[in-house]
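Let's take a friendly walk through this protein, one stop at a time. Keep the sequence and the 3D view at hand as you read.

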Amino acid sequence: MKRTIVGVLLGLSLVALVSAQPGRRQGWGGAFPPPMAPETVTITGTLGIVQGDLAVQQNGVTYHVYGLNRYIGFIDSLKDGARVTLEGSAFSVSSDDKTKYLRVTKLTLNGKEYDLARPASTTGFPGMGPR
């Protein structure tokens with residue numbers, strides 16, 4: 001009886017471990033999957049905070065900028081009110097064309113360019129490329 005219970009528990013543990021392994025993530029891998037193909041954009045504007053997110057407004061469209069907040073404190077002058085040029089992929093998650101989300105791949109600040117593109121992952125773990 002003890003062997004049967006231990007065997008069943010061991011089998012369930014193995015199934016739990018295998019199913020918890022990370023798989024290959026396709027697409028954005030973020031909280032909001034894009035409903036359509038993202039468009040590549042270059043925007044210039046003043047960095048601000050809109051609804052608690054870093055954002056840049058251009059031509060009446062608010063671009064919520066994701067991933068850029070991790071560089072505040074590491075890139076000089078990157079703060080609220082900074083004049084920036086951003087390149088990346090923009091998409092909208094609702095029918096509102098006045099709000100878009102931007103994944104930044106290149107930042108230009110004070111005449112200096114920063115490459116913020118993340119390497120492609122083949123391991124299933126973000127940021128870990130091929131060896």
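Why does histidine 64 count as buried or exposed? Keep in mind that this is a predicted model. Histidine 64 has a relative accessibility of 3%, and buried means under 20%, so this residue counts as buried.

Now have a look at the surroundings of this histidine. Histidine 64 sits in strand β4, which covers residues 61–66. Leaving aside residues up to four places away in sequence, histidine 64 touches Val50, Gln51, Asp53, Leu54 and Ala55, as well as Thr99, Lys100, Tyr101 and Leu102. With one of these neighbours there is also a polar link: the side chains of histidine 64 and aspartate 53 are joined by a polar contact of 3.4 Å.

Several of those neighbours lead us to the strands around β4. Strand β3, made of residues 53–58, runs antiparallel to strand β2, residues 48–50, and 3 bridges join the two. In this pairing, glycine 48 stands opposite alanine 55 of β3. The two strands form a hairpin with 2 residues between them, and in its turn glutamine 51 has a positive phi of about 55°.

Strand β3 also pairs with β4: the two run antiparallel and are joined by 4 bridges. Here you can find glutamine 57 opposite threonine 62 in β4. This hairpin too has 2 residues between its strands, and asparagine 59 takes a positive phi near 50°.

Let's step back to the whole chain. The protein has 1 helix and 7 strands, and along the sequence they follow the pattern α-β-β-β-β-β-β-β. Of the contacts with a separation of 6 or more, 50% are between residues 24 or more positions apart. Buried residues make up 25% of the 131 residues, and histidine 64 counts as buried. The accessible surface comes to about 9,300 Å², with 55% of it belonging to carbon and sulfur atoms.

Our last stop is on that surface. Which residues form a nonpolar patch there? They are Met1, Ile5, Val8, Leu9 and Leu12, and together they have about 560 Å² of accessible area. Leucine 12 lies in helix α1, which spans residues 2–19. Its relative accessibility is 55%, and exposed means over 50%, so leucine 12 counts as exposed. Compare the two residues in your viewer: histidine 64 is buried at 3%, whereas leucine 12 is exposed at 55%.

Technical notes. Residues numbered from 1 in each chain as written. Predicted model: local features only at pLDDT ≥ 70, side-chain atom pairs only at ≥ 80, totals over all residues. Heavy atoms only, no water. Buried < 20%, exposed > 50% of the residue type's maximum accessible area, 1.4 Å probe, protein only. Polar contact = N/O pair within 3.5 Å; in protein donor to acceptor, adjacent residues only side chain to side chain. Contact = heavy atoms within 4.5 Å. Areas by Shrake-Rupley, 256 points an atom, 1.4 Å probe, with all protein chains shown as cover. Patch = residues over 30% accessible without salt bridge, like charges linked within 9 Å, V, L, I, M, F, W, Y side chains within 5 Å. Salt bridge = Lys/Arg side-chain N within 4 Å of Asp/Glu carboxyl O. Pairing = 2+ DSSP bridges.
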